[in-house]
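Reader: I am in my first year and would like a close look at one part of this model. Please take me through the surfaces where its parts meet, in one connected answer.

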Amino acid sequence: MELEINGQMQNVGDDPDMPLLWALRDIVGVKGTKFGCGIAACGACTVHVDGYPVRSCQIPVGSVDGPVTTIEGVGSAEQLHIVQQAWIREQVPQCGYCQSGQIMAAIALLDEIPNPTDQDIDDAMTNLCRCGTYPKIRAAIKRAVSLGQEA
Amino acid sequence: MNVAKIARRTFLIGAATVAGGVAVGYYYVRKPYANPLEEYLGEGEAAFNPYVKIGQDNTITVITPRAEMGQGVHNTLAALVAEELEVGLDDIEVEHGPGDFAYFNGAMLEEGAPFAFFDESFLAEATRTFMRPIGKVLGLQVTGGSSSMIDAYDKMRQAGCAARHMLVSAAAKQWNVSAKEIDTANKFLINTVTGEKLSYGSLATAAARIDLPGELKLKARENWRILGTSPDRVDIPSKVDGRAVYGIDIDLPDMVHATVRISPRFGAESVSMDDTAALAVKGVEKVVPVQTTTGSGYGVIAENTWAAFKGAEALEIEWGEATYPKSSDALYSAIAKRLDSPADFSMRDDGDVDQAFADAPRDKLLEADYRVPYLAHACMEPMNATARWKDGVLDIWAPTQAPTVLQMTCAGLVGVNSEDVRVHATMLGGGFGRRGEVDFALYAVELAKQTNGRPVKVTWTREEDMRHDTYRPAMLARMRARIDNDGMPVAVDMHLAGQSVIASVLARTFPSVPPSGPDKSLVDGAFNQPYSIDNYRVSGSAVDLPVPVGFWRSVGNSCNAWFHESFIDEIAHMTGKDPLALRLELMKAHPAALGVLRKVADMSGWGRELPAGRGLGLAHTLSFGTWVAMVVEVAVVDEEIRIENVWAACEIGRALDPENIKAQVMSAAIFGLSSAMGQEITFEDGEVVEGNFDEFDGMRMRQCPAFHIEILETYHKMGGAGEPGTPPSVPALVNAIFSATGKRIRTMPLTSEIDFVA
Ligand code: FES
Ligand code: FES
């Protein structure tokens, strides 16, 4: 089986039941997407399929029906995504383990609502962070909005 | 060194048994460890000391040998060296470096001394002086106890200073001028007479051979450029684009994947096992037994992690019976029984407590029992490790807080010396004390014995992680106070009972070492608080149960601070005193405590008129050398509690990176608040019930309050940053709920009596 991942066709193995998360990590070898719970409860595994945020531990690779974008595919070394830039400006990550998922969720939020309210942020940002970086995540989302307006 | 001997020495100290036992010869204390970098040098690289190496191409590498688990330790450690080496953080590469005894942590054991932080008596100081070198003799490379900066503050600045001194001397020789005539800038040495320049790298090899004078002069604080500021963290760029490598991301040529199923009943083994269905799972290669001091069960080796998980699920195993109280209720009863008999020990016993209570009239007496449950760490990254056992060398890649402890314990599984075990530390997806354990590495080594030299990465499921944690012990507290006619407490007596963390760690990590004296962590956060009360006793009783318990962010302080600070609040309420005024009075001997109390009162507008259904709660805890006063504000919304604001004033003595310290205090407070908001590990049939975040969750964004944190630097000793925010968060919350609702809750989690806005 092949899937488009970060703009490239990639072999994702031959087990259609394998969750996208494990195909990405163990077969394709893109490991920025993390395993946290395996039951859709934490969001560490969030990626975009066709631009929508999904919890990749819940989607069998056989039922992925669009191009997949992971944290490795949202920006480039020369030009980070504006949300990644905001994350650095606000010094968000602590252990960092949840942050790929948080950034993917934030990008999806801003694609849908370019200038979210606090309530919008609360509703969209449901991922767990055991290090408790939430106030900084909130600040970084707002920072991304202002960086976007400057640009 | 023999493991049992090492361990006995180590843990005796942790258990605060100082007298006898430990003989530390001057020779061992003085003799430096060999520089571990010598073994790993690249072409043209020169090592100046265990912390600094410089390449001919002018690449400067600073070794930051502590676990980066989110606390930003690599940044501040690197800053200590960079400050003295006169380079910027942008000018250097930062590496964790090899696991090695040379990177011992001396300060952590010092913190283990059974004295309050403010106790500077001869005995307290003598004990600390005595303990510091023991960390060196044992070579304990451990990250914990909020001790990294206290430990590194002198030694890593000295490492930078020494390297700079050697470079300057080499340049002086080269140019035949005096060292005074040499300046440094941007990784170059400058001859101020002629204007000539040479890179650090071009002189590195020559400089590394230069002898150091007996004493080096460190920069005065007013000349610091980096320390005391908050530079961007060096680890953050790799954490926003997916590049950071955690233990779970290790990928090696020819590697196989695996997971484990360890007995869910502690100490029990399997009675029968059928792996037919597991072996039928596509991609599963092998099922192998695992037998270690931390648990026994099976490993499933497969082509990929998913196959290993499915294989493990398909294993049919009947486990042996639990030989201990099987339910939460039965466990709580076993602990409660200890409260009815005299305590094992007291670590504070001022005045004559028994006498003070003997004739106390009923209406001057306050009594209360408190209870907290077992808690999991629930690090975001599930436990994992990778091991390779090939050609007589054992390699371990792991997100670990204790590389040299892994070396010592894993060596025995394959019958080599600890020197023949190489530990490669990765980034940690959370630690909180859980990753100072060795179980994840032991299992990986067990599996590596069965893969013919192929590396094996062992990843636990979340359920395996949550049901095989080393839990924060459940604790019960019996408190009483006698109030005088002015409404002041003249006697306070606290008896705390639960499992000893030290005894539990010791039994699974170094089973040949017999248990030792009283465990300070049983009473930590209660016996050593800066209160003056005439008759004041804090006692502990260790309950012997086989549930594995361990170091959970702030350890004993995590619950004892709640017992202490909510009980103080109860006293204030009973006597009609303002909780702030009462604390100011009782802590008046300690200006540092008064400073943070007044500051937080000011920040939070303590005493302001509040509408009904709103409350402020205050708490103060001195832990890990840092004095933290915290105020929490809650609002009742549709009969549910919403935490709206947290104010904290923290006296840390010296703030090496103020913004990072604030981030740690916030993180630590959220960690504590999360526990109070609903976390509980429960038991049925001897097994942990909760398996995943649907049953044991942490605070989420929509529940997160606003934080307002200030750092003070007036105390004459530096404190730690990673943990002190946790202890006061829970009592401040509980006290706020009391003030908003009149409900005094004495059992954790609070969800047993109230609901939080979801
Ligand atoms: S791993 Fe997918 S939601 Fe947690
Ligand atoms: S940064 Fe550690 S879990 Fe979010």
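**Where the parts of chain B meet, and where chain B meets chain A**

Author: Between domain 1 of chain B and domain 2 of chain B there are four residue pairs in polar contact, with both residues of a pair at pLDDT 80 or more. That pLDDT condition applies since this is a predicted model. On the side of domain 1 of chain B that touches domain 2 of chain B, the residues fall into seven nonpolar, four polar and four charged. Although charged residues are found on that side, the number of salt bridges between domain 1 of chain B and domain 2 of chain B is zero.

The extent of this surface can be given in two ways. By residues, 15 from domain 1 of chain B are in contact with 18 from domain 2 of chain B. By area, domain 1 of chain B and domain 2 of chain B bury about 1200 Å² between them, and carbon and sulfur atoms account for 63% of it. The centres of these two domains, taken over C-alpha atoms, lie 36 Å apart.

To find these pieces in the sequence, note that domain 1 of chain B is made of 32–105 + 140–241, and domain 2 of 247–319 + 383–459. Chain B also has a domain 3, which covers 328–375 + 471–752.

Now the surface between the two chains. Here 59 residues of chain B and 50 residues of chain A take part in the contact. Chain B and chain A bury about 4300 Å² between them, with 60% of it on carbon and sulfur atoms. Of the area that chain B buries against chain A, 20% is supplied by B:Val240, B:Met380 and B:Met701, more than by any other three residues.

Four salt bridges link chain B and chain A. A salt bridge joins A:Arg25 to B:Asp249, where the closest N and O atoms are 3.0 Å apart. Polar contacts between chain B and chain A come to 26 residue pairs, both residues at pLDDT 80 or more.

Several helices of chain B supply at least two residues each to the side that touches chain A: helix H8 (237–240), helix H10 (305–314), helix H15 (462–467) and helix H20 (658–676). H20(B) gives the most to that side, with seven residues. By class, the side of chain B that touches chain A holds 27 nonpolar, 16 polar and 16 charged residues.

Definitions and conventions:
Residues numbered from 1 in each chain as written. Chains lettered and ligands numbered in written order. Predicted model: local features only at pLDDT ≥ 70, side-chain atom pairs only at ≥ 80, totals over all residues. Heavy atoms only, no water. Domains from an automatic or database assignment. Contact = heavy atoms within 4.5 Å. Buried area = accessible area lost by both parts, 1.4 Å probe. Salt bridge = Lys/Arg side-chain N within 4 Å of Asp/Glu carboxyl O. Polar contact = N/O pair within 3.5 Å; in protein donor to acceptor, adjacent residues only side chain to side chain. Nonpolar A, V, L, I, M, F, W, Y, C, P; charged D, E, K, R; others polar. Helix = DSSP H or I, 4+ residues; strand = E, 2+ residues; numbered from the N terminus.
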